[in-house]
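Thanks for coming. I will go through one chain, region by region, and keep to what can be read from the coordinates.

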Amino acid sequence: MWDRLLTDCHVATMEPAPGNPLGIIENGAIGIQDGRIVRVGTRTDLAGNRAREVLPLGGAWVTPGLIDCHTHLIFGGNRADEHAMRRAGASYQEIAEAGGGIASTVKRTREASEPELLASAAMRLDALMKGGVTTIEIKSGYGLDLEGELRLLRCAKALAASEAVRIVPTLLALHALPAEWKDRRIGYVSMVIDELLPAVADEQLAETVDAFCEDMAFSSDEVERLFKAAHARGFRVKLHAEQLSNQNGAALASKYNALSADHLEHLDEHGAAAMAEAGTVAVLLPGAFYALQEERKPPVQLLRDHKVPIAVATDCNPGTSPLLSPTLAMNMACTLFGLTPEEALAGMTINGAKALGIEEEIGTVAVGKAADLCVWRLESLAELGYWIGLPGPERRIYAGDDT
Ligand SMILES: [Zn+2]
């Protein structure tokens, strides 16, 4: 006897079959036991099975729960003032040079108490969860000193304990050079490598290390130093790459078998080929492109040509992507970047799981995986990338239970 049997629904399993890239099962059914999917097939296939709860869904669509694989969710304050500055014509770089940008969030984050950080992050998390998110990545990167970074990762752990969502923490080890290290770049990178990495490993606060490779952040040499040290300690890596300029970050990330390279507006063919070779996922972040009013789009066709898996995420952060809706991220990926609705859905399910290295656990509707599902009252799946401001799924099922 199963715990639940979802029936009378169409299932987008996201497990591709010949001629059926989304693995759609019309008139499908899903068996759930102990928080996991134990059977998926047509309604007829599952007709003889019994469950404590049989849930007819009246012809709704079921997809895997959405995966937001790139966020900076935990921070103090917000940057609505810079939004106004940008409308007055200031660039991201000019705002950063005037003491705004990441530095201002670092200040507000350091000033905030842990309960304050948790309360504001929980509000944003709640919005994303209502939008259908069942797994979210949360990066550190606004502490910029040993205790500050550890505190953010501990906050991520605390959120995971209190909310019905899977949280994947990432140590964003090189995000911005803090003011107090202004003339000691090498020393800062050494502190990160010699003190922060071991502390995060000892406390098991994250398994993946990230960095921001850009003129205004860290050079590819500095990132490579970090990646070498991270690999030596058993971390996996990912990288903010080619957002504002081409630093050959994607190729560097691929050299270290990165799970993902993210942003990629300035990616070139060499970088795309390297990503394909290493199996590195391209994470596209249309919220940042939109908020910064960038003009150069990521080379989607190049990624397709090289068969690089494409993920989509909100990049939820206070400065460059205050985006709180996964389905709006999907809409923007279609409207701004030219993804098909199918690609956008794959980008927030299976390819999001790959970008986090947990595709064995989540990302498709398949036997053995966690029963993280969204039930959508829509006529067609294409509507997921179509509506601007879709409120969210009718039901959000996390580990088998409605939440
Ligand atoms: Zn980011």
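Before the residues, one cut-off: buried here means under 20% relative accessible area. By that rule Met 332, with a relative accessible area of 9%, is buried. Keep in mind that this is a predicted model.

I will stay with Met 332 for a moment. Its place is in helix α12, residues 326–337. Setting aside neighbours within four places in sequence, Met 332 is in contact with Pro 286, Gly 287, Tyr 290, Leu 323 and Phe 337. For a sense of scale, Trp 376 is 44 residues away from Met 332 in sequence, and the two C-alpha atoms are 19 Å apart.

Now the annotation. The UniProt record, in an unreviewed entry, lists residues 61–378 as "domain: Amidohydrolase-related". That stretch is 45% helix and 15% strand. The C-alpha atoms at its two ends are 7 Å apart.

Next, two helices from within the chain, starting with α5. It has 17 residues, and its first and last C-alpha atoms are 25 Å apart, close to the 24 Å expected at 1.5 Å a residue. Its buried residues are Gly 148, Glu 149, Leu 150, Arg 151, Leu 152, Leu 153, Cys 155, Ala 156 and Leu 159. What do the buried residues of α5 pack against? The partners are α3 (102–111), α4 (114–130), β6 (133–139), β7 and α6.

That brings me to α6, residues 185–202. With 18 residues at 1.5 Å a residue, α6 should span 26 Å, and its end C-alpha atoms are 25 Å apart, which agrees. There is still a kink in α6, of about 30°, at Leu 196, shortly before the proline Pro 198. Both Leu 196 and Pro 198 are on the list of buried residues in α6, which also includes Tyr 188, Met 191 and Val 200. The cover over the buried residues of α6 includes α5 (146–162), β7 (166–174), β8 (208–211) and α7 (220–232). Just after the helix, Gln 204 takes a positive phi of about 50°.

Gln 204 leads to two other backbone angles. Asp 8, in strand β1 (residues 2–12), has a positive phi of about 55° although it is not a glycine. Asp 34 also has a positive phi, of about 50°, and is likewise not a glycine. Asp 34 is found in the loop between β2 (24–33) and β3 (36–42). Is Asp 34 buried or exposed? It is exposed, with a relative accessible area of 63%.

Back to strand β1, for Arg 4. Arg 4 is an arginine with a relative accessible area of 7%, so it counts as buried. What does its side chain reach? It makes a polar contact with the side chain of Glu 53 at 2.7 Å, and it reaches the backbone oxygen of Gly 400 at 2.9 Å. Beyond its neighbours within four places in sequence, Arg 4 is in contact with a longer list of residues, among them Ile 30, Ile 32, Ala 51, Leu 55, Arg 395, Asp 401 and Asp 402.

A second polar contact involves Tyr 256, in the loop between α8 (249–255) and β10 (260–263). The side chain of Tyr 256 makes a polar contact with the side chain of Glu 224 at 2.6 Å. Tyr 256 is at 9% relative accessibility and therefore counts as buried. Besides Glu 224, and leaving out neighbours within four places in sequence, Tyr 256 is in contact with Phe 227, Lys 228, His 231 and Val 237. Ala 278 is 22 residues from Tyr 256 along the chain, and their C-alpha atoms are separated by 8.4 Å.

Last, the cysteines. A disulfide is a covalent bond between the sulfur atoms of two cysteines. How many disulfides are there here? The count comes to zero. Cys 155 is in no disulfide, and the nearest cysteine sulfur, that of Cys 316, is 15 Å away. For Cys 316, the closest cysteine sulfur is in Cys 69, at 13 Å, which is too far for a bond; the cut-off is 2.5 Å. Cys 155 is buried at 0% relative accessibility, and Cys 316 is buried at 2%.

That is what I have; questions are welcome.

Notes: Residues are numbered from 1 along each chain as its sequence is written. This is a predicted model: local features need pLDDT of at least 70, side-chain atom pairs count only at pLDDT 80 or more; totals for chains, interfaces and linings use all residues. Side-chain values use heavy atoms; hydrogens and water are left out. Helices (H or I, at least four residues) and strands (E, at least two) are DSSP runs, numbered from the N terminus. Buried means under 20% relative accessible area, exposed over 50%, partly exposed in between (1.4 Å probe, protein chains only). The expected span of a helix is 1.5 Å times one less than its number of residues. The bend at a residue is the angle between axes fitted to the seven residues ending there and the seven starting there. Contact means heavy atoms within 4.5 Å. A polar contact is a pair of N or O atoms within 3.5 Å; within protein, one must be able to donate a hydrogen and the other to accept it, and residues adjacent in sequence count only if both atoms are side-chain atoms. UniProt positions are given in the numbering used here, feature names are shortened, and annotations may be inferred rather than shown by experiment.
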